[in-house]
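Visitor: Could you take me through the fold in this entry? I would like to begin with the sheet.

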Amino acid sequence: MKQFEKNDNSFVCVWCKKRVPELKYSSRDHCTHCLASLHIDVNPGDRANECCGILFPIDVTISGKKGYIIQYKCSKCGKLHNNKSAQDDEFSTILKVMNKTYSPLDYKNEK
Ligand SMILES: [Zn+2]
Ligand SMILES: [Zn+2]
């Protein structure tokens, strides 16, 4: 499976196949379109996790200082993982996660 190229490169989302541009102010860790991420970090950016399952968002919480925090669950090992939302994440997708109407299958390969 192709992994996300980290360290702020653009990459093609492993799930929806959309090209995700680099993030200027931080390291990109998830797709701006479908929000899918990969379970490759133990701590942000370290790539120390050998799971490599796809992380899908299950909830979004609002933290005053940090903005939106996306809670992920790994589709492979079931572990929970939190990521900070990026400024250019698609807000309609974040709203779907908040409203519990998000389904990963809605985004797969842009059908
Ligand atoms: Zn995607
Ligand atoms: Zn995992």
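Guide: The answers below cover the sheet, the core and a few loop residues.

Guide: This is a predicted model, in which local features need pLDDT of at least 70, side-chain atom pairs count only at pLDDT 80 or more, and totals for chains, interfaces and linings use all residues. Residues are numbered from 1 along each chain as its sequence is written, while chains are lettered from A and ligands numbered from 1 in the order in which they are written.

Visitor: Good. In what order do the strands of the open sheet come?

Guide: The order is S3-S4-S5-S6, four strands in an open sheet with antiparallel pairing. Strands here are DSSP runs of E with at least two residues, and helices are runs of H or I with at least four, numbered from the N terminus. Two strands pair if DSSP finds at least two bridges between them.

Visitor: Which strands stand at the edges?

Guide: S3 and S6 do; each has a single partner strand, so one side of each has no neighbour in the sheet.

Visitor: How many bridges join S3 to S4?

Guide: Two bridges link S3 (residues 37-38) with S4 (residues 54-63), and the strands run antiparallel. Ser 37 lies opposite Leu 55 in S4.

Visitor: And how many join S4 to S5?

Guide: Eight bridges connect S4 with S5 (residues 67-74), again antiparallel. Val 60 faces Ile 70 of S5, and a hairpin of three residues leads from S4 to S5.

Visitor: What about S5 and S6: how many residues lie between them in the hairpin?

Guide: Five residues lie between S5 and S6, and Gly 78 in that turn has a positive phi of about 80°. The pairing of S5 with S6 (residues 80-84) is antiparallel over five bridges, with Gln 71 bridged to Asn 82 in S6.

Visitor: Which strands does helix H1 touch?

Guide: Helix H1 (residues 91-98) packs on the sheet and touches S4 and S5. Its direction makes about 85° with that of S4. Contact means C-beta atoms, placed from the backbone, within 7 Å; axes are lines fitted to C-alpha atoms, for helices over the stretch in contact, with angles from 0 to 180 degrees between N-to-C directions.

Visitor: Turning to the interior, which residues touch the most other members of the largest nonpolar core?

Guide: Cys 13, Trp 15, Cys 31, Cys 34, Leu 35 and Ala 36 do, in a core of 16 residues. S4 and S5 are the elements that give two or more residues to this core, and S4 gives the most, with three. Such a core is a set of buried Ala, Val, Leu, Ile, Met, Phe, Trp, Tyr and Cys residues joined through C-beta atoms within 7 Å. A residue is buried if 20 or more other C-beta atoms lie within 10 Å of its own, exposed if 12 or fewer, and partly exposed in between, with C-beta atoms placed from the backbone.

Visitor: What does Leu 35 touch?

Guide: Not counting residues up to four places away in sequence, Leu 35 touches His 30, Pro 57, Ile 70, Asp 89, Thr 93 and Val 97.

Visitor: Now the loop between S3 and S4. What is the phi of Arg 47?

Guide: Phi of Arg 47 is near 50°, a positive value in a residue other than glycine. Arg 47 lies in the loop between S3 and S4 and is partly exposed because 16 other C-beta atoms lie within 10 Å.

Visitor: And the phi of Cys 52?

Guide: Near 60°, also positive in a residue other than glycine. Cys 52 lies in the loop between S3 and S4.

Visitor: Lastly, where is Phe 11?

Guide: Phe 11 belongs to strand S1 (residues 11-12), and it is partly exposed because it has 19 C-beta neighbours inside 10 Å. Phe 11 and Glu 22 are 11 residues apart in sequence and 7.7 Å apart in space, C-alpha to C-alpha.

Conventions: Contact = placed C-beta atoms within 7 Å.
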